[in-house]
Amino acid sequence: MERENPEPSPEEIDRLYSHLEKEAKQGGYNLNPDGEFVRGLVKGLLVNERRYGYQACPCRLAADDKIADLDIICPCYFRDADVTEFGACYCALYVSKAVLKGEQKLGSIPERRPPQDVRQNYSCSQSHSHSQSHSQSHCHQRRLQSRGPGPGL
Ligand code: SF4
């Protein structure tokens, strides 16, 4: 559901762009060097934030349900694995050092996010079942908290 005008201003795009650049640098990540391309993705993040209330991945279809979409709130759970394996995240917002230096060419990046029926259970290990006091959202939260620092790519 659209919560307000989804069209972000150039200033908002600049602000988030700078913020992501700073964060990337601090975490050992690299943004795609194509500034216009990145601006398009940053705009998509802002549009999604207005639509859903969180910065869902601009290259994926969000469910408008924060808990269900925790894995695709940028930076998504799949960023590190994709940057390591393919040289870029699914959207190519983040790229590896090799891509940045022109030592690796970017190809298409396959979708690593499991299908919805698998996702319903993947946030919790198979070792326990959910009870009323141990909800699936609790597991999602734990998974989010357990995300480690950047791989220094
Ligand atoms: S694929 Fe890239 S842009 Fe999309 S959520 Fe993951 S890190 Fe962000």
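What share of the contacts in the protein with a separation of 6 or more is accounted for by residues 24 or more positions apart? In this predicted model, the share is 46%. The chain has 153 residues, of which 25% count as buried. Its secondary structure comprises six helices and two strands, and from the N terminus on these elements follow the order α-β-α-α-β-α-α-α.

The description may begin with the two helices α1 and α2. Helix α1 spans residues 10-27, and it packs against α2 with the axes 9 Å apart and at an angle of about 105°. The two helices are therefore roughly perpendicular to each other. On the side of α1, the contact is made by Glu12, Ile13, Leu16, Tyr17 and Leu20, while α2 contributes Val38, Arg39, Val42, Lys43, Leu45 and Leu46. Sorted by class, this contact contains eight nonpolar and three charged residues, and no polar ones.

From this helix pair the account passes to the nonpolar core. In soluble globular proteins, nonpolar side chains tend to be buried together. The largest nonpolar core of this model has 25 residues, and within it Cys57, Ala88, Cys89, Cys91, Leu93 and Tyr94 have the most contacts. At least two residues of this core come from each of α2 (35-52), α3 (79-86) and β2 (94-95). Helix α2 supplies the largest share, with five residues. Cys91 illustrates how this core is connected: apart from its neighbours within four places in sequence, Cys91 is in contact with Leu41, Cys57, Pro58 and Cys59.

Two of these core cysteines also appear in the surroundings of the ligand. Which residues come nearest to the ligand? Of the 13 residues around the ligand, those are Cys57, Cys74, Cys76, Cys89 and Tyr90. Cys57 and Cys89 are thus among the residues with the most contacts inside the core and among those that come nearest to the ligand. The class composition of the ligand shell is twelve nonpolar residues, one charged residue and no polar residue.

Cys74 leads to the backbone geometry. Most residues other than glycine have a negative phi, and most peptide bonds are trans. The bond that joins Cys74 and Pro75, however, is a cis peptide bond, with omega of about 0°. Pro75 is found in the loop between α2 and α3. Asp64 is placed in the loop between α2 and α3 as well, and has a positive phi of about 60° although it is not a glycine. Ala92, also not a glycine, has a positive phi of about 70° and lies in the loop between α3 and β2.

Are Asp64 and Ala92 buried or exposed? Asp64 counts as partly exposed because it has 16 C-beta neighbours inside 10 Å. Ala92, by contrast, has 22 other C-beta atoms within 10 Å and is therefore buried, the cut-off for burial being 20 or more.

The loop that holds Asp64 can be followed further through Gly53, which lies in the loop between α2 and α3. Because Gly53 has 12 C-beta neighbours inside 10 Å, it counts as exposed. Gly53 and Asp64 are eleven residues apart in sequence, and their C-alpha atoms are 8.3 Å apart in space.

Asn48, in helix α2, offers a view of the approach between this helix and residues later in the chain. With 23 other C-beta atoms within 10 Å, Asn48 is buried. Leaving aside the neighbours within four places in sequence, the contacts of Asn48 are with Gln55, Ala56, Pro58 and Ala62. Pro58 is thus in contact with Asn48 and also with Cys91. The C-alpha atoms of Asn48 and Leu61 are separated by 9.9 Å, with their positions 13 residues apart along the chain taken as the distance in sequence.

The last position considered is Gln104, in the loop between α4 (97-100) and α5 (116-122). Gln104 has 15 other C-beta atoms within 10 Å and is therefore partly exposed. Beyond its neighbours within four places in sequence, Gln104 is in contact with Gly87, Ser96, Ala98 and Val99. Gln104 and Phe86 are 9.2 Å apart in space, C-alpha to C-alpha, and 18 residues apart in sequence.

Conventions
Residues are numbered from 1 along each chain as its sequence is written. This is a predicted model: local features need pLDDT of at least 70, side-chain atom pairs count only at pLDDT 80 or more; totals for chains, interfaces and linings use all residues. A residue is near a molecule or strand if its C-beta atom, placed from the backbone, lies within 6 Å of it. Ala, Val, Leu, Ile, Met, Phe, Trp, Tyr, Cys and Pro count as nonpolar, Asp, Glu, Lys and Arg as charged, and the others, Gly among them, as polar. A nonpolar core is a set of buried Ala, Val, Leu, Ile, Met, Phe, Trp, Tyr and Cys residues joined through C-beta atoms within 7 Å. Helices (H or I, at least four residues) and strands (E, at least two) are DSSP runs, numbered from the N terminus. Two residues are in contact if their C-beta atoms, placed from the backbone, lie within 7 Å. Axes are lines fitted to C-alpha atoms, for helices over the stretch in contact, and angles run from 0 to 180 degrees between N-to-C directions. Angles under 35 degrees count as roughly parallel, over 145 as roughly antiparallel, 65 to 115 as roughly perpendicular and the rest as oblique.
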